[in-house]
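Trainee: I would like a close look at a single part of this model, the cysteine link. Please then place that part in the wider structure.

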Amino acid sequence: SVFAAGSRAAIPLLFGVTAGVLALHLLAAGNAAAAEAPHKVVTIEGVTEYRLDNGLRVLTVPDAGADTVTVHITYLVGSRQEGYGEKGMAHLLEHMLFKGSPRHPDLKREFAARGARWNGTTAYDRTNYFETMPASDANLDWALGMEADRMVNSFIAKADLESEMTVVRNEFEMGENDPGAVLFQRTLQLAYAWHNYGHPVIGARSDIENVPIARLQAFYRTWYQPDNALLIIGGRFEAAHALERVQQYFAPIPRPARALPALYTEEPAQDGARTVTLRRSGEAPIVSALYRIPAGGDPDYPALDVLVSVLGNTPSGRLHRALVKKGLANYTWGSERALHDPGFASFGAGLPKGASVDAARDALIAELEGIGRHPVRAEEVRRAKTELLNDFDKAQRDTRALVRALSEFAAIGDWRLFYLYRDRLRAVSVADVQRVALAYLKPANRVLGVFLPTRHPERAQIPPPPDRAQALSGYRGGEALGAGEAFDPTPANLEARVIRRTLTNGIRVALLPKKTRGHTVVARLWLHWGDELSMTGRVTACSLAGSMLARGTRRHSRAELSDAFERLNATVAVGGDGARLEVPAAGVADALRLVAETLQEPAFPPDEFEALRRALLTGVEEQRSDPGAIASLQLSRHLSPYPKGHPYYTETIDEDVAQLKAATVAGAQSCYRDLLGATGADFAAVGEFDPDTLARQLEVLFGGWKNPHPYER
C-alpha cells in the first residue's frame with residue numbers, strides 16, 4: 001500500500017538515531033573516503049553481493065537494456081517479529097516511513113518530482129521499500145541517500161501515528177468485509193496456535209488503535225539497522241558509481257551494539273483435524289483446506305510447489321476437474337507460502353449461490369487426500385514443472401521482477417535460494433511429489449470448515465528450517481541470462497528503428513527488432529469490429545464471445561492450448577480485443593500460429609461456456625454486499641446515462657444477472673460469426689526477430705481474416 005508524507009511546518013524531535021549518527025549522515029560526503037568500501041562476497045548468474053563493515057548487504061542486478069533504475073531495500077522484519085500487543089506494528093511502521101525524515105520531509109513530492117513509481121509492502125518475514133525511476137546518476141544518488149536517511153532518521157512522530165492509524169484501520173476494515181479473506185485468516189489461527197504466522201500481517205484492531213508511540217519507536221530502532229537490511233540496485237546503472245554512493249551514504253551508519261532478538265517459538269505438530277465455521281454477511285459459499293508444510297528453504301519445498309500446481313492449476317488441475325467441471329464449484333485454487341519458518345499450503349473452491357457445501361467439501365477432501373489411491377502422473381508433474389520453471393525464467397528476464405524475487409528469497413533465508421530453489425525444482429521427480437503429498441496432505445494436518453474427529457491422530461512431523469549455509473556452501477549457480485541492448489526510447493530513435501507494413505486486409509504492422517533481456521519478443525494485436533447499431537442489445541453475448549476464444553478451438557481443448565503455450569514459455573492473453581504475447585524468440589512463430597488458431601477457430605465448447613457463465617454470475621451476485629462495487633456501479637450509471645441496450649449502458653446488478661442467465665452459447669457464437677475479424681487491425685512487436693520473416697507469417701496467419709460487418713468507431 002502506498003502512503004506518502006503530507007506537508008510539514010516544523011521538524012519534530014528526532015529519535016532512533018544519536019546526534020553523532022546524524023552528524024555522520026550530514027557529513028557523509030566528506031567522510032565516505034574514510035569508510036570501508038563495500039567488499040565483494042559472491043556473484044551468481046549476473047547478481048553480485050557486496051557487504052559493508054556495518055553489516056549491510058548490497059546486491060547489484062545490472063540490466064543495460066533497461067531505461068529505469070530501481071532501488072529496493074528489504075528489512076528482515078515482518079509480523080513474525082511482533083510481540084504481545086504489537087500485532088500490526090511492522091505494517092504500521094511501513095506507513096510511518098513515508099512520513100519523511102529531516103532531510104526528506106515531503107517524500108511524496110520528491111517521488112513525484114523524479115517520476116518515480118514507489119511503494120512499500122509488509123509480509124510475514126520482511127518489510128520492503130522500493131522506487132523505480134528513469135535511469136540517471138542523479139536519481140540513483142537521491143534514492144540511495146534517501147533510503148540511508150530514513151533507515152535511522154525517520155520521524156516516527158506521535159502526531160503522524162495518530163493520523164496514519166486511521167488509514168491502517170480502514171485497511172483492516174476492508175479486509176473484514178471480505179469473507180474469503182476472513183475465512184483464510186481463521187484457518188491460519190487454528191493452524192498456528194503459538195507461532196506468529198497465525199496472526200494477520202495487517203494486525204489486530206486493538207493493537208493498531210492503541211500501540212504506544214514509544215513501542216513503535218523502539219521497534220524501529222531495533223530492526224531498521226544496516227545489519228538487518230538487504231539493499232538491491234537493479235536496472236541501468238554504472239556499478240562502480242553505485243557502490244561509491246552506497247559507501248558514501250550507508251557506510252557512516254554504525255553497526256548497532258544490540259544483538260537482534262532471537263525468535264525460538266516452534267509450532268508443535270497438529271494432533272487432529274481442525275475445523276472453523278464462519279458465519280457472516282456474504283453471498284457465495286466457500287470451502288477451503290489448509291495444511292502446514294516445511295519452510296521455504298527445505299529441500300522438499302520445490303516438490304510441494306509442484307504438488308500445489310498439480311492440484312490447483314486452472315484449467316488442468318485436479319481440483320478444477322473434480323469441482324468446476326462437475327458443476328460443484330465456480331472456481332478452485334491452490335497456493336502455498338514459502339516462508340522462513342514452516343509455512344502452509346491452502347486449497348479451496350468458490351461455490352454457486354445455493355450449491356451443496358457438503359458435496360463440494362467432500363469432493364475437495366477426496367482430491368487433496370486421495371493421492372494414495374490416485375497417484376500423481378508423470379504428465380501432471382511435467383506440466384507443473386514447466387509452468388513453474390517458466391516463472392523463474394520470466395522473472396530473470398524482467399529486472400524488476402527479479403529484484404522482487406531476490407528480496408522474497410532473502411526473507412526466506414538467503415537471496416541465493418532463488419537459484420538453488422530453481423535447480424532443486426528441475427530435479428523434482430514424480431516420486432518426490434507423491435512422497436510429499438502423502439507426508440503432509442493428511443487429515444491430522446488439515447484445517448477445514450468442518451470438524452472431523454479422529455480417535456487415533458496421525459501427526460505430520462514438520463522439519464525445522466534447514467541449514468542454509470551448508471546447502472549454499474560452494475554454490476555458484478548456472479549461466480547468466482543474456483542481456484538486452486542499451487536502447488534510447490526517444491520518439492526520434494523509435495521512429496528510426498520501426499519497420500512498418502500493411503497487410504492485405506489493412507492490418508497496420510509496426511515492428512521494432514532489438515536485443516532484449518532473455519531474447520524475448522513482446523507482441524500485441526488490436527482488433528476493431530462492430531458499430532453502435534450492430535452491438536446494441538448484444539453486449540453480454542459479445543463479451544462472452546471474447547471470453548470464450550481462449551477456452552478451446554476446433555483442434556485443441558482449453559487445457560491443451562494452455563499446455564502448448566506453457567511448452568513455449570509464452571505469456572498469452574486472448575480476447576475479443578485481440579491478443580497480447582510475450583515469448584522467447586525461438587518460439588514466436590509457433591506461438592503466433594496458436595494465437596491465430598485461438599482467434600479464428602474457436603470451438604465454443606458448451607461445458608466451458610457454462611463454467612464461464614456460472615463464474616460470472618457468482619461474481620455479479622457477490623457485488624450485492626460489496627460497498628465498493630455498488631458505489632462504482634452507481635457512479636458509472638450517473639456519469640454514463642446511455643439508453644438501455646446501448647453498448648455503453650451500465651446495467652444494474654439485477655439486469656446483469658438476468659442477461660447472464662438468459663445468455664446462450666449460440667448467442668455468443670452469433671456475435672463472433674457476425675462481427676469479429678481483423679480488417680484494419682493494428683499489430684506491433686518488439687524483440688529479437690527477423691522483420692521480413694515475421695511480416696510474411698503475419699500475412700499468412702491474419703492477412704485473409706476480414707470483418708464480416710464493417711467497423712465504425
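**The cysteine link and its setting**

Mentor: In this predicted model, C542 and C671 are both buried. A disulfide joins C542 to C671, with an S to S distance of 1.9 Å. A disulfide is a covalent bond between the sulfur atoms of two cysteines. The dihedral about the S-S bond is 105 degrees, and the link of C542 and C671 is right-handed. The two ends come from distant parts of the chain, 129 residues apart. C542 belongs to helix α21 (residues 539-548), while C671 belongs to helix α27 (residues 665-675). With sulfur atoms within 2.5 Å as the criterion, the count is 1 disulfide.

As for the setting, the protein has 28 helices and 18 strands. Its radius of gyration is 27 Å, close to the 27 Å that the globule rule gives for 713 residues, so the protein is as compact as a globular protein of that length. The C-alpha trace spans about 75 × 75 × 55 Å along the principal axes. Of the 713 residues, 54% count as buried. If one takes the contacts between residues at least 6 apart in sequence, 81% of them join residues at least 24 apart.

Among the strands, β7 (residues 229-235) is a useful place to start. Buried residues make up 7 of its 7 positions, so β7 is largely enclosed by the rest of the structure. Strand β3 (residues 57-62) pairs with β7 in the parallel sense, over 6 bridges. In that pairing T60 stands opposite I233 of β7. Strand β4 (residues 68-75) also pairs with β7, but in the antiparallel sense and over 7 bridges. There, T70 stands opposite G234 of β7.

Another pairing involves β16 (residues 571-575) and β17 (residues 578-584), which run antiparallel over 5 bridges. These two strands form a hairpin with 2 residues between them. T571 has E582 in β17 as its bridge partner.

Next come the nonpolar cores. The largest has 64 residues, and those touching the most other members are V306, L307, F347, L406, W415, F418 and Y419. W415 can be followed further: leaving aside neighbours within four places in sequence, W415 is in contact with V42, I44, V47, E49, L59, L406, F409 and A410. Another core, of 55 residues, lies apart from the largest one, and its members include L97, F98, L140 and F237.

A last local site is T122, which sits in strand β5 (residues 117-122). The relative accessibility of T122 is 15%; buried means under 20%, so T122 counts as buried. The side chain of T122 makes a polar contact with the side chain of E94, at 2.5 Å. E94 also appears among the residues that T122 touches beyond four places in sequence, together with A90, H91, T127 and V201.

To return to the part you asked about: the disulfide of C542 and C671 connects helix α21 with helix α27, and both of its cysteines are buried.

Conventions. Residues numbered from 1 in each chain as written. Predicted model: local features only at pLDDT ≥ 70, side-chain atom pairs only at ≥ 80, totals over all residues. Heavy atoms only, no water. Buried < 20%, exposed > 50% of the residue type's maximum accessible area, 1.4 Å probe, protein only. Helix = DSSP H or I, 4+ residues; strand = E, 2+ residues; numbered from the N terminus. Pairing = 2+ DSSP bridges. Core = buried A, V, L, I, M, F, W, Y, C linked by side-chain atoms within 4.5 Å. Contact = heavy atoms within 4.5 Å. Polar contact = N/O pair within 3.5 Å; in protein donor to acceptor, adjacent residues only side chain to side chain. Rg over C-alpha atoms; globule rule 2.2 N^0.38 Å.
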